[in-house]
Amino acid sequence: MSHESDVVVTDWLFGMLAFAAIALYLYGVYRSDREKHLRRWPRLRIVFWISGAIISASALIGPLAVLSHAYFTWHMAGHLFLGMLGPLLLALGAPVTLLLRTLPVQQARRVSRFLRGRFARFYIHPVTAAVLNIGGLWLLYTTDLFAMMHDHLWLYILVHIHVFTAGYLFTVSMLSIDPVSRRFSYPFRTVVFVLALAGHGILSKFLYAYPPHGVPVEEARAGAMLMYYGGDAVDLIIIALLFRSWYRSAGTRLTIVPNATPL
Amino acid sequence: MQRKPVTNWANRKKFQTKNLWAGILFGLGFVAFVDETVFHQLLHWHKFYDKSTVALGLVSDGLFHAFSWFATVGALYLVADLRRRDALWHKVFWGGKLIGGGAFQLYDGTIQHKVMRIHQIRYDVDLVPYDVVWNGSAVVMIAAGLLLLRSANQDARGTKQVEPRVA
């Protein structure tokens, strides 16, 4: 991946994708806000979406991408952006809700049928998403895949698309911000999350001890610690959001009996 | 005219176990957090990764670390939930905190340090005083927690029942 032309290719590819994501979303918001019977699309979600797209893309284009080819520590910073923070911010943008709002009824139905279908249901399942996410990382860093990825452009692109997609799937399987086919119970999601988080933490410490092929020990150690604590930071946000959603849903089941005794 | 709010014993008793679990989880998470921040990050007494680590130790350490975040955040949401139900019972909550914190410390001090030898409290010093303080304080915490729970149960017995405000 040290070839100039390859960098140009990935810059264009991922840059266009990020640009398209932001443009389409903004167009969706414009369409949605034109409908008078709908509540105005929350501005905060626009901020989430745009920052999510920029943060995800920053791992793949521009200076961070160039640095991450040369230094493992920067690669890990990119990984945090592309696989964790970016997807989380994008998920908070609630793109599916926006899509369902903007599409004509007929097509919206088709989308929601797809989301309820077997295919989508399989991938949004917390266990599938966790295995794809954490399992993929184990594969990447404990086999020769990491070294190979830097020799083959197509593999590089594929791996990064996987890291991003798996991160996004995992986030939405934990936080049901958008409408999904099936909501899993909070205890179930909690257990899956703890195991996934543990898998991520264990891999970080494993990389500290056994650096991937061709990575200098010092870089691997700094990268592993960044992965460990950075992962913690993002996961802490997801945990808080997960429990907040539980707190709210438990609140709707509370019926408040007015207090008879004056305070 | 201001009157002291009535203590909602009915709700407290109904959610006693939840109070206890909120405390245990928070205690667990808190002690794990203090261990990480004070001993790893500030004092550097033990490190991010110690060479003696076996695979099982790494897994157990990772699981506990992951669980500790969940425990801390989850416990605080449980407390918020108990509060809005007018059922927060501080004595039970604190009892749980001490038990949970003590239990984690005892587990860390005996199983992780001694049995699995993941890491020690310090290196290149005589470990005995450190181990005694570490595990001794854990036992004291657990005992204090149990005493608090007993005292809470005594408070609850014989108190007049107050109609729950929140069903």
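Here is a short back-and-forth about a predicted model, covering helix α6 of chain A, two annotated stretches and chain B.

User: What makes α6 of chain A count as close to its expected length?

Analyst: Helix α6 runs over residues 105-116, which is 12 residues. The expected span uses 1.5 Å times one less than the number of residues, and α6(A) reaches 16 Å from first C-alpha to last against an expected 16 Å.

User: Why are A:A108, A:V111 and A:L115 said to be on the same side of α6(A)?

Analyst: All three are buried, so each has under 20% relative accessible area. They cover an arc of only 60 degrees around the axis, and that puts them on the same side. An α-helix has 3.6 residues a turn, so residues three or four places apart point the same way.

User: What is on the other side of α6(A), and what do the buried residues pack against?

Analyst: A:Q106, A:R110 and A:R113 sit on the other side and are exposed, which means over 50% relative accessible area. The buried residues pack against α5 (95-102) and α7 (118-124) of chain A.

User: How do you know what residues 46-72 and 188-210 of chain A look like?

Analyst: UniProt, in an unreviewed entry, lists both among its transmembrane regions. Residues 46-72 are 85% helix and 0% strand, with end C-alpha atoms 32 Å apart. Residues 188-210 are 96% helix and 0% strand, with ends 32 Å apart.

User: Why is the pattern of chain B written α-α-α-α-α?

Analyst: Chain B has five helices and zero strands, and that is the pattern read along its sequence. Of its 167 residues, 49% are buried.

Key: Residues are numbered from 1 along each chain as its sequence is written. Chains are lettered from A and ligands numbered from 1 in the order in which they are written. This is a predicted model: local features need pLDDT of at least 70, side-chain atom pairs count only at pLDDT 80 or more; totals for chains, interfaces and linings use all residues. Side-chain values use heavy atoms; hydrogens and water are left out. UniProt positions are given in the numbering used here, feature names are shortened, and annotations may be inferred rather than shown by experiment. Helices (H or I, at least four residues) and strands (E, at least two) are DSSP runs, numbered from the N terminus. Buried means under 20% relative accessible area, exposed over 50%, partly exposed in between (1.4 Å probe, protein chains only). The arc is that of the directions from the helix axis to the C-beta atoms. Contact means heavy atoms within 4.5 Å.
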